[in-house]
Amino acid sequence: MPELPEVETINRDLCDCVLGKNIKQVEVLAAKSVWPIPKKFVNLLTGQSLVAIDRIGKLLIFSLSDKKNYLLVHLKMTGQLIYA
């Protein structure tokens with residue numbers, strides 16, 4: 001499980017490489033990890049751009065360009081977030 005400094009490092013690194021970029025494609029590998037409806041989740045994210053990334057504890061909060069939705073990411077036990 002990542003500690004707080006590792007999460008902050010990931011946050012800063014992501015800010016350098018993804019802010020202002022558009023989300024072109026979303027793939028849900030485990031439907032239970034997306035609530036409530038995976039297809040709605042994919043449709044909501046596709047085409048949005050990332051305008052800010054904040055952190056509360058070990059939770060990463062991605063602000064989206066529509067200014068009404070957020071993507072919350074917890075790194076769980078692996079501490080990995082794969083950006084492609």
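Let's start in strand β3, where Tyr-70 is the bridge partner of Ser-63. Keep in mind as we go that this is a predicted model. The Ser-63/Tyr-70 pair belongs to a longer run: β2 and β3 (residues 70-74) are antiparallel and pair over 5 bridges. The hairpin that β2 and β3 make has 5 residues between the strands, and in it Lys-67 takes a positive phi near 60 degrees.

Now step back along the chain to the other partner of β2. Strands β1 and β2 also run antiparallel, and here 6 bridges do the joining. One place to look is Ile-56, which stands opposite Leu-59 in β2. The hairpin of β1 and β2 has 2 residues between the strands, and Gly-57 in that hairpin has a positive phi near 60 degrees. So what about the cover over β2 itself: are its residues mostly buried or exposed? Strand β2 spans residues 59-64, and 5 of those 6 residues are buried. If you're colouring side chains along a strand, it helps to recall that in a regular strand they alternate between the two faces of the sheet.

Next, have a look at the charges. How many salt bridges does a search of the whole structure find? The count comes to 2. Glu-8 and Arg-12 form one of them, with the closest N and O atoms 3.0 Å apart. Both of these residues sit in helix α1, 4 residues apart, or about one turn of the helix. Arg-12 counts as exposed because its relative accessible area is 56%, and the cut-off for exposed is over 50%.

Glu-8 has another salt bridge to show you, this time with Arg-55, and the closest N and O atoms are 2.6 Å apart. Since Glu-8 is in helix α1 and Arg-55 is in strand β1 (residues 50-56), this pair ties together parts that are 47 residues apart in sequence. Arg-55 has a relative accessible area of 28%, so Arg-55 is partly exposed. Put the pieces together and Glu-8, Arg-12 and Arg-55 are linked in a network of salt bridges.

On to the loops. Ser-49 is placed in the loop between α2 and β1. Buried means under 20% relative accessible area, so Ser-49, at 15%, counts as buried. Which residues does Ser-49 touch, not counting those up to four places away in sequence? They are Gly-20, Lys-21, Asn-22, Ser-63, Leu-64 and Ser-65. You've already met one of these, Ser-63, as the bridge partner of Tyr-70.

The loop between α1 (4-18) and α2 (38-45) holds Val-26. Val-26 has 18% relative accessibility and therefore counts as buried. Leave aside its neighbours within four places in sequence, and Val-26 is in contact with Phe-41, Val-42, Leu-45 and Thr-46. For a sense of scale, go from Val-26 to Lys-67: the two are 41 residues apart in sequence, and their C-alpha atoms are 19 Å apart in space.

Finish in helix α2, which is where Lys-40 is found. Is Lys-40 buried or exposed? Lys-40 counts as exposed, because its relative accessibility is 54%. From Lys-40 to Met-77 there are 37 residues in sequence and 26 Å in space, C-alpha to C-alpha.

Definitions and conventions: Residues are numbered from 1 along each chain as its sequence is written. This is a predicted model: local features need pLDDT of at least 70, side-chain atom pairs count only at pLDDT 80 or more; totals for chains, interfaces and linings use all residues. Side-chain values use heavy atoms; hydrogens and water are left out. Buried means under 20% relative accessible area, exposed over 50%, partly exposed in between (1.4 Å probe, protein chains only). Contact means heavy atoms within 4.5 Å. A salt bridge is a side-chain nitrogen of Lys or Arg within 4 Å of a carboxyl oxygen of Asp or Glu. Two strands pair if DSSP finds at least two bridges between them.
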